[in-house]
Amino acid sequence: MFTALFLAVVVVGQEAPRRALVFDEPAKHFTESLPLGNGRLGALVFGGVEQERIVLNESTLWSGSKQDADRADAHEHLAEIRAKLFAGDGHGAQELLQQHFTCAGAGSGHGNGKDVAYGCYQTLGDLRLAFEPGAASEYRRELDLTTAVAKTSYVQNGVRFEREAIASAADQVLGFRFTASRPGSITLRAKLERKESANVMPAGRDLVLVGELASGVEDVQGVQFAAGLRALNRGGQSSYDGEWLSIRGADEVVLLFAARTSFTALDYPARAVGELDRAAARPWSELLARHVADHRSYFDRVSLELGPRPSASAPSTPNAPDTTNPPDATISGAPTTTARLAALASGTDDPDLAALFFDYGRYLLISSSRPDSPLPANLQGLWAEEYQTPWNGDFHININLQMNYWPAEVAALGDCVEPLVKLVESWVEPGRKTARSYYGARGWVAHVITNPWGFTSPGEHASWGSTPTGGAWTARQLWERWLYSRDPAVLARIYPTLRDAALFFADLLVEEPTHGWLVTAPSNSPENAYLDAQGRAVQTCMGPTIDQQIVRELFGAVIDASKRLGRDEELRKELEAKLARLAPHQIGKHGQLQEWLVDWDEAEPQHRHVSHLFGLHPSNQIDVRRTPELAKAARTTLERRGDAGTGWSLAWKIGFWARLGDGERAWRLVKLYAKPSSASDPLRYHGGGTYPNLFCAHPPFQIDGNFGACAGIAEMLLQSQNEELVLLPALPSAWKEGRFRGWRARGGLTVDCAWKDGKVTELALHAANPRDVTVRIGDDVRTVRAQ
């Protein structure tokens, strides 16, 4: 498999391929729009010709407030609940959980928490633009991922109109520029719009949107916000009629938008005005250059090429429907994104589309989570058009928030994990109270759902809300930061958080009566149910496989860290003793990896969650070489679950099959993930896939699948979870040639690699401290020097 000498430097100086989302018509729904973001501010640009809508977002625009959602006496019922579990009565234990072990109050409002204390992430509103009427031709709309610039162009009444849109982190504004091929042709009207909890008014040169969201708690102030729109026109006349800001006959118009909330600053109105003032003092060329340079400082860190690009002249697929390539489906020689999705679904291999998904995942992470972002990427990143966002647009921590950050390290975006690190650190204090209230335990715990207000209690229903491992699972991303960076400062910072999470489980574990194994109790396997002896669907159990895997990994991390730091020897001994007694993996009657301590059948065999394969991915407890029997059982589990699923579930399965070394199956899952989903009916539950703008369709839109697919594609080409570097571990035959540059691997490594016909042709390893590295390609293992 190694066909070339290992070179000290390869592919480093090559220009990364330019990739874009391309459309030939305006968006009708936000799942067709172009997303922009600077890690705090976001926009969804529709590209309408006569009527333009731009959805506006600010990542801290949350309703709700801090609350005490713990049941102070819950721990008094713990022994009774466990007794039911020990007796095999999960149904009875679940009834007790519902009575005594859920959160106090309304919880998440059953996913509709806008007006309760839990709260909801909401849209900031819309920027509405009205232009001169007239038929348009030569329409083009694109989002350049390399520059993070959205462009719209068309010809109307013999004039070519062009628009540019950016979300600048360098200047903390959204910027929109309008130009035309004929002087004096720009005429537009602009207004800010929010349907509730806000007022719009003029203020000096600006149009201002101000308001306050509901706190959900009587006599407690909610999040307040202020946003401003400023128009800068060259030529023409401007006026304001009480609703619309109008500009007529201009040569060029630039609109700048800034917004701040009381979540991050008491002087939020002044900060927004200051950002507008500073941005307005710069010409558009400078704003654009600063924005592009800042974005590319993240985006250009890595690249991926997978074979040639499809072109408009490429032969059509014999079995493709007639609508796959309509006459106007190509723009300037490049097929539209929707045409590419349709062609892939109809059987045309398009490896470069996988590279586009990889780049899009990186783009979305850079746009929604930067080192200085006040909050991490939520269920929708930071893009939402709703006031009651699906599932509150919150942080689900039984897979979803974790998946958001899976591609961060390999894509050299480890610094973009910082908002997640801060969120996990913010759980420690409220989580201590929750641990005492429900379990009488040391340490801290967070369960299944959380928000910016420190919610660590169980959810409002026992069937899904009582999983105690959500916080520990999320905290593993902190450990990944250390594994990839090998930065002693990172280890010193994260250790107290991980240690105290381990303290909780050291107290929570209890000896189950059949084997004497230590297990979590009570718990459940996220959102899935088993059939008990009476044939009832029950969720509550003890020692589900995922819990044991998470605790095993957490204890191992804390033991390792404590040795490196020379701290907490007594705790280390306690964890080592309990680690040895954890319930092991078990293989069930179908040859599958058991999901529960008992070999129950699933109430829904094709359930979207495959939680018990956490040990295969993202963890490394199951491996085709080290634990072949468990890997075989994991494969059987996946076969029984089936390939179908929600968008994020499909993305996770890419990672599973990549870890099993099955490139053809992983590529099949990529193509299933890329299956076009309906933008006209985005809430219809017809199976997961991809919307026209490549947003992941759960459905509805959830961004976790975008990040999971990005990470899964990386897993197909590079793995580093077992103290060795594995190149091309799940390379499908369709990916005949390609290269990646700048990818990060555990152990502080950077990897550049190229291949052709399944054989590595170029390889370079880089490390801050040169050392020898074990490299595997298939069965060929060698030692390579990292320089």
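A pocket is here an open set of grid points, on a 1 Å grid over the protein atoms alone, with protein on both sides within 12 Å along at least five of seven lines. In this predicted model, the largest pocket has a volume of about 670 Å³. Its lining comprises 29 residues, of which L483, S720, Q721, E723 and R746 are the closest to the centre of the pocket. Two or more lining residues are contributed by each of the elements α10, α12 and β33, the last of these covering residues 771-777, and the largest share, five residues, comes from α12. In terms of composition, the lining of the largest pocket divides into twelve charged, ten polar and seven nonpolar residues.

Enclosed space was examined in the same model. The structure holds seven cavities of 30 Å³ or more, and the largest cavity contains about 220 Å³ of space. Of the 19 residues that line this cavity, W406, E480, Y484, E715 and R746 are the closest to its centre. At least two lining residues are supplied by each of α10, α17, β28 (718-719) and β30, with α10 giving the most, namely four residues. The lining of the largest cavity is made up of eight nonpolar, seven charged and four polar residues. R746 is thus listed among the residues closest to the centre of the largest pocket and also among those closest to the centre of the largest cavity, while α10 supplies residues to the lining of the pocket and to that of the cavity.

Two of the residues closest to the centre of the cavity, E480 and R746, are also paired with each other, since their side chains meet in a salt bridge with an N to O distance of 2.8 Å. This pair links distant parts of the chain, R746 being placed in the loop between β30 (737-745) and β31 (749-756) and E480 in helix α10, 266 residues apart. Both partners are buried, R746 with a relative accessibility of 15% and E480 with one of 7%. E715, a further residue listed as close to the centre of the cavity, belongs to helix α17, which covers residues 704-717. The relative accessible area of E715 is 12%, and E715 therefore counts as buried, the limit being 20%. When neighbours within four places in sequence are left aside, the contacts of E715 are with H617, A658, R659 and P729.

Over the whole model, the count of salt bridges comes to 70. One of them joins R476 to E553, with the closest N and O atoms 2.6 Å apart; because R476 lies in helix α10 (residues 470-485) and E553 in helix α12 (residues 545-565), this pair ties together parts that are 77 residues apart in sequence. R476 is buried at 11% relative accessibility, as is E553 at 17%. Another salt bridge is formed between the side chains of R19 and D359, at 2.7 Å from N to O. R19 is located in the segment before β1 (20-23) and D359 in helix α6 (residues 351-368), so that parts 340 residues apart in sequence are tied together by the pair. The two residues are buried, with relative accessible areas of 3% for R19 and 2% for D359.

The helix that carries D359 was also considered as a whole. Of the 18 residues of α6, 18 are buried, so this helix is largely enclosed by the rest of the structure. At 1.5 Å a residue, α6 should span 26 Å, and the distance of 26 Å between its end C-alpha atoms agrees with that expectation.

Elsewhere in the chain, E602 is found in the loop between α13 (569-579) and α14 (628-641). With a relative accessibility of 10%, E602 counts as buried. Leaving aside neighbours within four places in sequence, E602 is in contact with N528, A529, Y530, L531, E595, W596, R640 and R641. The C-alpha atom of E602 is separated by 39 Å from that of S367, a residue 235 places away along the chain.

Key. Residues numbered from 1 in each chain as written. Predicted model: local features only at pLDDT ≥ 70, side-chain atom pairs only at ≥ 80, totals over all residues. Heavy atoms only, no water. Salt bridge = Lys/Arg side-chain N within 4 Å of Asp/Glu carboxyl O. Buried < 20%, exposed > 50% of the residue type's maximum accessible area, 1.4 Å probe, protein only. 1 Å grid on protein atoms, 1.4 Å probe; cavity = no way out; pocket = protein on both sides within 12 Å on 5 of 7 lines; lining within 4 Å. Points joined across faces, edges and corners; volume = space filled by probe spheres on them. Nonpolar A, V, L, I, M, F, W, Y, C, P; charged D, E, K, R; others polar. Contact = heavy atoms within 4.5 Å. Expected span 1.5 Å × (residues − 1).
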